[in-house]
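Grab your viewer and work through the exercises below at your own pace. Try each task before you read the solution under it.

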Amino acid sequence: MTNLQPYACQPDQSRGRRFPEADAPTRTPFQRDRDRIVHSTAFRRLVYKTQVFINHEGDLFRTRLTHSLEVAQLGRSMARTLGLNEDLVETIALAHDLGHTPFGHAGQDALHECMVSYGGFEHNLQSLRVVDHLEARYPGFDGLNLCFESREGILKHCSKNNAMSLELWEADFPGQSGGVAKRFLQGGQPSLEAQLCNLADEIAYNCHDIDDGVRSGLLSMDQMLEVPLFRKYSDQAASQQSDFAQAKKQRRWLYETIRLMLSDMVYDVLAATRAQLEEVMPQDVNAVRVAPALVLFSAEMRAQTRELKHFLFKHLYRHQQVMDTMGKAKCVVGDLFDAYVASPAEMHQDDEAMKDISLQRQVSDYIAGMTDRFALREHERLTGQRLFHV
């Protein structure tokens with residue numbers, strides 16, 4: 001890739017893979033990682049995994065797959081402007097939710113509750129687990145054998161205990177890509193590409209959750225106008241198109257408001273990040289890792305987006321209808337966990353999938369890999385209950 005800044009991740013200077021492989025003749029290591037993710041089973045499953053609304057609630061709501069694609073689009077656009085590695089940004093964006101459970105955060109919370117005595121469950125760590133262990137496609141190794149930089153970006157959060165376990169495990173690969181969790185023990189930052197994906201993720205879900213919330217009827221334009229950040233851009237949109245207040249133009253008004261807001265969030269990140277880079281002047285990616293966070297919102301935009309997130313949390317994510325649905329979803333996950341622990345043969349896994357790990361972790365892996373609709377079918381098969389009428 002050309003026109004990369006010195007502080008970007010250079011594909012020819014990657015810290016490598018856990019299992020050495022010859023370079024591909026026509027693709028950089030990060031392009032190869034992206035392609036492996038796109039062809040993975042876990043990536044295909046994202047199309048039937050909840051973002052906010054369970055799949056059967058509507059065909060046009062975002063799923064984990066469409067969310068990941070939106071993050072990748074935003075990330076690549078910003079990376080190109082900043083001179084960062086677009087391919088690595090796309091790789092991280094497409095992989096960042098591979099470990100998410102069915103039913104979104106409700107499923108994650110339920111699975112963590114089931115696993116609290118067995119090491120817990122973190123969806124970011126599970127995404128890394130998917131690409132390191134659970135994908136079974138290659139004869140020479142488990143997982144996808146991604147580059148260090150891709151794995152580093154996927155691991156957005158990690159508890160201290162899990163970071164210590166990862167460091168001990170990676171010590172078995174001397175001279176390779178160990179240390180993916182080291183920053184959670186010693187402080188420091190990941191690459192700029194990983195930092196950029198974190199903000200692209202936030203921008204994407206803040207904007208598309210408004211769209212889905214209004215489409216669902218759980219939010220209204222009048223409610224959204226209570227949020228100063230949203231009202232600012234709705235006023236801009238209305239000043240450009242005076243008939244937006246008409247009922248038949250409400251949807252276009254919403255779209256234009258979200259478009260203006262998303263664009264300004266992107267431009268804000270670009271301006272604030274450039275200012276940070278000019279101040280710190282990192283000479284390479286190693287300097288990035290010991291510097292403060294460099295990809296960020298301005299202080300003003302950070303405060304405004306925080307206010308927007310609080311609004312969405314209160315009025316959408318904690319809306320009674322969503323809570324009722326997610327309560328049922330948590331029951332599905334809890335019941336499945338108990339059923340599989342009591343009778344592991346019900347998981348119908350290949351013998352190869354039964355690794356040298358606890359039964360509870362095997363069950364956790366199995367449930368985390370489910371789509372919403374497969375989880376519902378399994379729950380009905382094992383319990384005789386139909387909690388959702390799909």
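## Exercise 1: the largest pocket

The largest pocket holds about 900 Å³ of space. Keep in mind that you're looking at a predicted model.

**Task.** Find which residues are the closest to the centre of the largest pocket, and which elements give two or more residues to its lining.

**Solution.**
- Step 1. Start in the middle: of the 34 lining residues, Q51, R64, H100, H105 and Y317 are the closest to the pocket's centre.
- Step 2. Now move out to the elements. Those giving two or more residues to the lining are α3 (64-82), α5 (104-115), α6, α10, α15 (299-317) and α16 (320-342).
- Step 3. Sort the lining by class, and you get nine nonpolar, 14 polar and 11 charged residues.

## Exercise 2: the largest cavity

**Task.** Work out how many cavities of 30 Å³ or more the structure holds, and which element gives the most to the lining of the largest cavity.

**Solution.**
- Step 1. Count the cavities of that size: there are three.
- Step 2. Go to the largest cavity, which has about 60 Å³ of space.
- Step 3. Select its lining: V71, I92, A93, H96, N124, G153, I154, K156, C197, N198 and D201.
- Step 4. Map these onto the fold. The elements with two or more lining residues are α4 (86-95), α7 and α10, and α10 gives the most, with three residues.
- Step 5. By class, this lining has five nonpolar, four polar and two charged residues.

## Exercise 3: the nonpolar cores

**Task.** Identify which residues of the largest nonpolar core touch the most other members, and which helix supplies the largest share of that core.

**Solution.**
- Step 1. A bit of background first: in soluble globular proteins, nonpolar side chains tend to be buried together.
- Step 2. Here the largest nonpolar core has 84 residues, and L98, I210, M224, M265 and L308 touch the most other members.
- Step 3. Helix α10 (residues 192-216) brings the largest share of this core, 11 residues.
- Step 4. Zoom in on M224. Leaving out residues up to four places away in sequence, M224 touches I210, V214, L219, F230, L308 and F311.
- Step 5. Don't stop there: a second, separate core has 21 residues, including M115, L336, F337 and M370.

## Exercise 4: three polar or charged residues

**Task.** For T257, E135 and D212, decide whether each one is buried or exposed, then find the backbone atom that lies by each side chain.

**Solution.**
- Step 1. Place T257 in helix α13 (residues 250-280). Its relative accessible area is 0%, so T257 is buried.
- Step 2. Look for the backbone atom: the oxygen of W253 is 2.8 Å from a polar atom of the T257 side chain. Beyond four places in sequence, T257 touches F230, Y233, S234 and A237.
- Step 3. Move to E135, in the loop between α6 (123-134) and α7 (148-154). With 5% relative accessibility, E135 counts as buried because the cut-off is under 20%.
- Step 4. A polar atom of the E135 side chain sits 3.3 Å from the backbone nitrogen of T41. T41 also turns up among the residues E135 touches beyond four places in sequence, along with S40, A42, V130, D142, G143 and L144.
- Step 5. Finish with D212, which is in helix α10. D212 has a relative accessible area of 2%, so it's buried too.
- Step 6. For D212, the backbone atom is the nitrogen of R62, 2.9 Å from a polar atom of the side chain.

## Exercise 5: positive phi values

**Task.** Find where F103 and N145 lie, and what phi each one has.

**Solution.**
- Step 1. Recall the usual picture: most residues other than glycine have a negative phi.
- Step 2. F103 goes the other way, with a positive phi near 70 degrees. F103 is in the loop between α4 and α5, and at 0% relative accessible area it is buried.
- Step 3. N145 also has a positive phi, near 55 degrees. You'll find N145 in the loop between α6 and α7, where it is buried, with a relative accessible area of 1%.

Methods
Residues are numbered from 1 along each chain as its sequence is written. This is a predicted model: local features need pLDDT of at least 70, side-chain atom pairs count only at pLDDT 80 or more; totals for chains, interfaces and linings use all residues. Side-chain values use heavy atoms; hydrogens and water are left out. Helices (H or I, at least four residues) and strands (E, at least two) are DSSP runs, numbered from the N terminus. Buried means under 20% relative accessible area, exposed over 50%, partly exposed in between (1.4 Å probe, protein chains only). A polar contact is a pair of N or O atoms within 3.5 Å; within protein, one must be able to donate a hydrogen and the other to accept it, and residues adjacent in sequence count only if both atoms are side-chain atoms. Contact means heavy atoms within 4.5 Å. A nonpolar core is a set of buried Ala, Val, Leu, Ile, Met, Phe, Trp, Tyr and Cys residues joined through side-chain atoms within 4.5 Å. On a 1 Å grid over the protein atoms alone, a cavity is a set of points where a 1.4 Å probe fits but cannot get out, and a pocket is an open set with protein on both sides within 12 Å along at least five of seven lines; lining residues have an atom within 4 Å of a point. Grid points are joined across faces, edges and corners, and a volume is the space filled by probe spheres set on the points. Ala, Val, Leu, Ile, Met, Phe, Trp, Tyr, Cys and Pro count as nonpolar, Asp, Glu, Lys and Arg as charged, and the others, Gly among them, as polar.
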